[in-house]
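Colleague: Could you take me through one part of this model in some detail? I would like to hear about the salt bridges and the residues that form them.

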Amino acid sequence: MADTVIKHPQAMLQLRLSNFSVAYQGIPAVVNLSLTLTAATVNLVTGVIGAGKTTLLKLIAGELSLDRDDRRQGAGVTSSRRLTVGMLKQQAFSDREQTVEEILLAACPFRDTFARERFEYEQEYDRIFTGFGFARADKHKKIGDFSGGEQTKIALIRLLLEKPDILLLDEPTNHLDIATIQWLEQYLKWYEHAVVLVSHDRFFLDQVAEAVVEVSDGKLTRYAGNYSEYRTEKRKRIERQQKAWERQKEEEDRLNGVIERFRHKPTKASFARAKKKQLERMERVEKPVEDDVHLFTGNIEPLIPGSKWVFEAEHLKIGYDRALLEITLRIRRGQKMGILGPNGAGKSTFLKTVAGLLQPFQEKDKSVERRCVLGNNITIGYFDQHSAEIQSDKSVAEHFHDLFPALTEKEVRNILGMYLFTGKLASRRVSDLSGGEKARLVLAEL
């Protein structure tokens with residue numbers, strides 16, 4: 001089997017994983033690993049949803065163990081010294097009463113001294129904290145006072161301050177605003193240790209990735225360059241493999257024709273047997289599999305079109321304990337809108353208010369008429385960052401059928417197939433799906 005080697009910049013540190021496969025929740029994820037991660041290089045892990053990208057990160061982080069066969073010899077994981085590994089996880093802080101300063105200073109390895117290193121750490125802390133769009137005064141706020149996106153930024157800041165030998169980032173841009181993403185791009189380019197990330201933000205990947213590791217069919221393939229260069233090179237490899245497969249098919253057909261022609265002739269029987277052996281000894285080229293899979297949802301139209309104006313707001317104020325925004329706008333049927341703004345500006349609060357999950361901010365001042373109205377026959381589908389956290393012991397098909405009992409089993413299978421839940425995948429337990437697969441299931445429901 002193959003090895004994985006992760007090198008450290010100063011001491012030629014190595015983490016070696018030998019003779020292994022990895023399964024997650026009983027399903028094989030990586031069965032043949034050949035990979036070298038070099039320090040000061042940003043490595044992208046890519047692959048279709050459910051291919052095993054997050055599983056690979058968990059393996060490197062030590063959260064998963066190798067699956068070993070009794071016939072195999074030697075340790076599964078060895079290293080020249082203890083590695084520090086940091087992984088960004090999308091979860092809230094357990095203690096919402098802690099201040100940001102308490103959280104971030106707890107990550108300082110020099111917090112109990114007054115050494116020069118601590119001074120440099122605090123300088124770095126200020127630089128990264130303000131680089132992520134926070135004001136210095138925000139250090140004294142409680143973590144519970146920040147939005148979900150802001151908390152993710154603080155978790156990432158803490159991770160960057162720890163400067164692990166291997167920095168693992170699973171969808172780091174999901175809850176970051178554009179300015180922060182641009183800052184992170186520059187920071188990762190200069191990060192002195194190894195970075196391994198999973199992301200679907202193609203522009204971000206083109207800016208930071210220096211090598212691409214593709215997870216496909218349980219195996220890893222490494223490509224040099226950023227995401228666009230990887231896609232170009234992969235297309236060339238598929239074309240070469242397709243031509244080689246076609247030549248192989250032609251040769252197989254020719255040899256089979258010769259064998260069939262002469263195998264019943266006594267004087268040519270040995271010749272036919274020789275050709276059969278030649279056919280059996282041929283090095284096989286697998287037919288390439290296209291990876292450009294797409295959802296085939298057809299036209300998504302409401303059962304009843306609804307009124308021309310889907311939503312109208314006039315002097316609408318949104319917020320929780322204080323008003324974040326005052327909005328006057330109309331949304332027309334068929335219109336597509338993007339909402340941009342820094343974390344904490346009120347983007348999610350606005351969507352929740354439109355969806356009816358949050359009441360408009362109320363003020364005692366009644367001098368201004370405020371309106372927040374949905375049009376006639378308007379239905380709402382709402383997907384947020386927590387929608388894909390579904391858990392169920394039912395299969396995908398059972399879960400979907402229970403939500404739409406009027407559908408026949410064939411209709412359920414057809415709809416799920418359009419959202420790439422085909423064959424055995426539709427029979428998998430919902431709780432065993434990857435995060436991306438759960439998100440796709442929720443989109444199918446919407």
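Modeller: Happy to; what follows is a walk through some of the salt bridges and the places they join. Keep in mind that this is a predicted model. The structure holds 17 salt bridges, and a good place to begin is Lys163.

Lys163 forms a salt bridge with Glu124, with 2.9 Å between the closest N and O atoms. Lys163 lies in the loop between H4 and S9, while Glu124 belongs to helix H3 (residues 116-131), so this pair ties together parts that are 39 residues apart in sequence. Glu124 counts as buried because its relative accessibility is 18%, under the 20% cut-off. Lys163, in contrast, is partly exposed, with a relative accessible area of 29%. The pair is also part of something wider: Glu124, Arg127 and Lys163 are linked in a network of salt bridges.

The backbone of Lys163 deserves a look too. Its loop runs between helix H4 (148-162) and strand S9 (166-170), and the phi of Lys163 is near 45 degrees, a positive value in a residue other than glycine. Most residues other than glycine have a negative phi. Leu420 is another non-glycine residue with a positive phi, of about 70 degrees; this leucine sits in the loop between helix H11 (409-418) and helix H12 (435-445).

Back to helix H3, where Asp126 and Lys139 meet through their side chains in a salt bridge, at 3.0 Å from N to O. Asp126 is in H3 itself and Lys139 is in the loop between H3 and H4, so the bridge ties together parts that are 13 residues apart in sequence. Here the lysine is the buried partner: Lys139 has a relative accessible area of 11%, whereas Asp126, at 22%, counts as partly exposed.

A further bridge involves strand S14. The side chains of Glu326 and Arg370 meet at 3.6 Å, N to O. Glu326 lies in S14 and Arg370 in the loop between helix H9 (347-354) and strand S15 (371-374), so parts 44 residues apart in sequence are tied together. Glu326 is partly exposed at 43%, and Arg370 is partly exposed at 29%.

Strand S14 (residues 323-332) also holds Arg332, which is partly exposed at 40% relative accessibility. Arg332 gathers with Lys308, Arg330 and Arg333 in a patch of positive charge on the surface.

Conventions: Residues are numbered from 1 along each chain as its sequence is written. This is a predicted model: local features need pLDDT of at least 70, side-chain atom pairs count only at pLDDT 80 or more; totals for chains, interfaces and linings use all residues. Side-chain values use heavy atoms; hydrogens and water are left out. Patches are made of residues with over 30% relative accessible area and no salt bridge: like charges are joined within 9 Å, nonpolar side chains (Val, Leu, Ile, Met, Phe, Trp, Tyr) within 5 Å. Accessible areas come from the Shrake-Rupley method with a 1.4 Å probe; for residues, only the protein chains shown count as cover. A salt bridge is a side-chain nitrogen of Lys or Arg within 4 Å of a carboxyl oxygen of Asp or Glu. Lys and Arg count as positive and Asp and Glu as negative; His and the chain ends are not counted. The place of a charge is taken as NZ of Lys, CZ of Arg, CG of Asp or CD of Glu. Helices (H or I, at least four residues) and strands (E, at least two) are DSSP runs, numbered from the N terminus. Buried means under 20% relative accessible area, exposed over 50%, partly exposed in between (1.4 Å probe, protein chains only).
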